Amino acid sequence: MATPRPYFLFPGTAREALTLYQRVFGGQLQLNTFAEFSRNDGPPDDIAHGVLTGPVSLYAADAGADEATFSSTGLMFALLGDGTPAQLHAWFDGLAEGGTVIDPLQERPWGASDGQVIDAFGVKWLLGYEQPAEGED
């Protein structure tokens, strides 16, 4: 089944963003510069195409001279039940470094846990999980 992956165009911060995402989520990171892609619409060391593959997979690049950079309202990237509670808490804490916690990752009255954070690059994330049933890990 195909699943969409976000492709962020950052204002010269793609390397930093992708490095943060790899540190937070793990996985393999591949970075290609404008120079490697023979692009001349931005600085040669900027990222023309970056790919993170792993538990969380996404793309990012630095915007070229005539491209708009990432901004968002009314959108968040959901990681709900996509890891163990400990892993999701670690991801949340990692995304919160240099970012803004909108709503702490916490247990809700209905028994699930979730929280929202905007990372240092302006990406809003919703992370959460259901409590394991008794006897499950």
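**Note on the predicted model**

1. Gln116 counts as buried, because its relative accessibility is 19% and the cut-off for burial is under 20%. This residue belongs to strand β7, which covers residues 113-118. Like every value in this note, the figure comes from a predicted model, and it is best read with the surroundings of the residue in view.

2. Once neighbours within four places in sequence are set aside, the contacts of Gln116 are with Met76, Phe92, Val101, Ile102, Asp103, Lys124, Trp125 and Leu126. One of these residues, Lys124, is also its partner in a polar contact, in which the side chains of Gln116 and Lys124 meet at 3.4 Å.

3. Seen from the other side of that pair, Lys124 is a residue of strand β8, and it counts as partly exposed because its relative accessibility is 27%, a value in between the limits of 20% for buried and 50% for exposed. Its contacts, again without the neighbours within four places in sequence, are Leu75, Met76, Phe77, Gln116, Val117 and Ile118. Met76 is therefore a residue that appears in the contact list of Lys124 and also in that of Gln116, contact being defined by heavy atoms within 4.5 Å. Lys124 and Ala78 stand 46 residues apart in sequence, yet their C-alpha atoms are 8.8 Å apart in space.

4. A further polar contact involving strand β7 deserves a look. Asp114 lies in this strand, and its side chain is joined to the side chain of Arg108 by a polar contact of 2.8 Å. Not counting residues up to four places away in sequence, Asp114 touches Pro104, Leu105, Gln106, Arg108, Leu126, Leu127 and Gly128; Leu126 is also listed among the contacts of Gln116.

5. As to the overall architecture, the protein chain has two helices and eight strands, which follow one another from the N terminus in the order β-α-β-β-β-β-α-β-β-β. The C-alpha trace spans about 55 × 25 × 25 Å along its principal axes. Of the 137 residues in the chain, 36% are buried. Among contacts with a separation of 6 or more, 51% are accounted for by residues 24 or more positions apart.

6. The largest nonpolar core has 27 residues, and the members that touch the most other members are Tyr21, Phe25, Trp125 and Leu127. At least two residues of this core come from each of β1 (7-10), α1 (14-25), β3 (47-53), β4 (58-62), β5 (77-80), α2 (85-96) and β8 (124-129), and α1 gives the most, with seven residues. As general background, nonpolar side chains in soluble globular proteins tend to be buried together.

7. Phe25 shows how these elements come together around one core residue. Leaving aside neighbours within four places in sequence, Phe25 is in contact with Leu52, Pro55, Val56, Leu79, Trp91, Leu95 and Trp125. Trp125, itself named with Phe25 among the members that touch the most others, is also in contact with Gln116.

8. Ala14, likewise found in helix α1, counts as buried because its relative accessibility is 0%. Beyond the residues up to four places away in sequence, Ala14 touches Ile47, Ala60, Ala61 and Asp62. By contrast with the Lys124 and Ala78 pair, Ala14 and Ala2 are 12 residues apart in sequence but 25 Å apart in space, taken from C-alpha to C-alpha.

9. The largest pocket has a volume of about 240 Å³. Its lining consists of 14 residues, and those that lie nearest its centre are Pro4, Pro6, Val56, Ser57 and Leu79. Two of these residues, Val56 and Leu79, are also in contact with Phe25. The lining divides into nine nonpolar, three polar and two charged residues, and β5 gives the most to it, with three residues.

10. A last point for checking concerns the backbone at Ser38, which has a positive phi of about 55° although it is not a glycine. Ser38 is placed in the loop between β2 (28-33) and β3, and it counts as exposed because its relative accessibility is 68%, where the cut-off for exposed is over 50%.

How values were computed. Residues numbered from 1 in each chain as written. Predicted model: local features only at pLDDT ≥ 70, side-chain atom pairs only at ≥ 80, totals over all residues. Heavy atoms only, no water. Core = buried A, V, L, I, M, F, W, Y, C linked by side-chain atoms within 4.5 Å. Buried < 20%, exposed > 50% of the residue type's maximum accessible area, 1.4 Å probe, protein only. Helix = DSSP H or I, 4+ residues; strand = E, 2+ residues; numbered from the N terminus. 1 Å grid on protein atoms, 1.4 Å probe; cavity = no way out; pocket = protein on both sides within 12 Å on 5 of 7 lines; lining within 4 Å. Points joined across faces, edges and corners; volume = space filled by probe spheres on them. Nonpolar A, V, L, I, M, F, W, Y, C, P; charged D, E, K, R; others polar. Polar contact = N/O pair within 3.5 Å; in protein donor to acceptor, adjacent residues only side chain to side chain.
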